[in-house]
Amino acid sequence: MKVDVLYTPFINNLSNFEIMTLPKDPNMLCSLVNMKLRDSYPSLAAMCEDMDVNQDELVRTLSDAGFHYSESTNSFR
């Protein structure tokens, strides 16, 4: 069962077991998600699956703040 996107912990670096939570602020959340997409993931689906984040909730949260995902750029704008 997936938990609320804004409170989902994830392991940032497996070698250090560094745990961080997704930011509640939509601008910070968008920035973090775009960084992860740019640096580590070929798609939003791959990122959400790997980080155990509910993709629909993430898209809805960012969409409510005016950000929309583009598959062609693999980012939210």
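Helices here are DSSP runs of at least four residues, numbered from the N terminus. With that in hand, let us walk through this predicted model, starting from one residue, C30, whose place is in helix α1.

C30 has a relative accessible area of 5%. Anything under 20% counts as buried, so C30 is buried. What does C30 touch, leaving aside residues up to four places away in sequence? The answer is L62, F67 and F76. The chain also brings R77 into this neighbourhood: C30 and R77 are 47 residues apart along the chain, yet their C-alpha atoms are separated by 8.4 Å.

Now look at the helix around C30. Helix α1 covers residues 26–40 and packs with helix α3, residues 55–64. How are the two helices placed relative to each other? Their axes are 9 Å apart, and the angle between them is about 125 degrees. That angle makes α1 oblique to α3, because it falls outside the ranges for roughly parallel, roughly antiparallel and roughly perpendicular. The crossing of the two helices is left-handed.

Which residues make this contact? From α1 come P26, L29, C30 and V33, and from α3 come L58, T61 and L62. Sorted by type, the contact holds 6 nonpolar residues, 1 polar residue and no charged ones.

Next comes the core. In soluble globular proteins, nonpolar side chains tend to be buried together. In this model, the largest nonpolar core has 16 residues. Those with the most contacts inside it are V33, L37, L44, M47, L58, L62 and F76. Three elements give two or more residues to this core: α1, α2 (44–51) and α3. Helix α1 gives the most, with 5 residues. V33 is a good one to find on screen: not counting residues up to four places away in sequence, V33 touches M47, L58 and F76.

Finally, let us turn to two loops. Most residues other than glycine have a negative phi. D52 and N74 are worth a look for that reason. D52 lies in the loop between α2 and α3, and its phi is near 55 degrees, a positive value. N74 sits in the loop between β3 (69–70) and β4 (75–76), and its phi is near 50 degrees, also positive. Is each of them buried or partly exposed? D52 is partly exposed, with a relative accessible area of 42%, whereas N74 is buried, with a relative accessible area of 12%.

Methods
Residues numbered from 1 in each chain as written. Predicted model: local features only at pLDDT ≥ 70, side-chain atom pairs only at ≥ 80, totals over all residues. Heavy atoms only, no water. Axes fitted to C-alpha atoms, helices over the stretch in contact; angles between N-to-C directions. Parallel < 35°, antiparallel > 145°, perpendicular 65-115°, else oblique. Left-handed = near helix turned anticlockwise from the far one by under 90°. Contact = heavy atoms within 4.5 Å. Nonpolar A, V, L, I, M, F, W, Y, C, P; charged D, E, K, R; others polar. Core = buried A, V, L, I, M, F, W, Y, C linked by side-chain atoms within 4.5 Å. Buried < 20%, exposed > 50% of the residue type's maximum accessible area, 1.4 Å probe, protein only.
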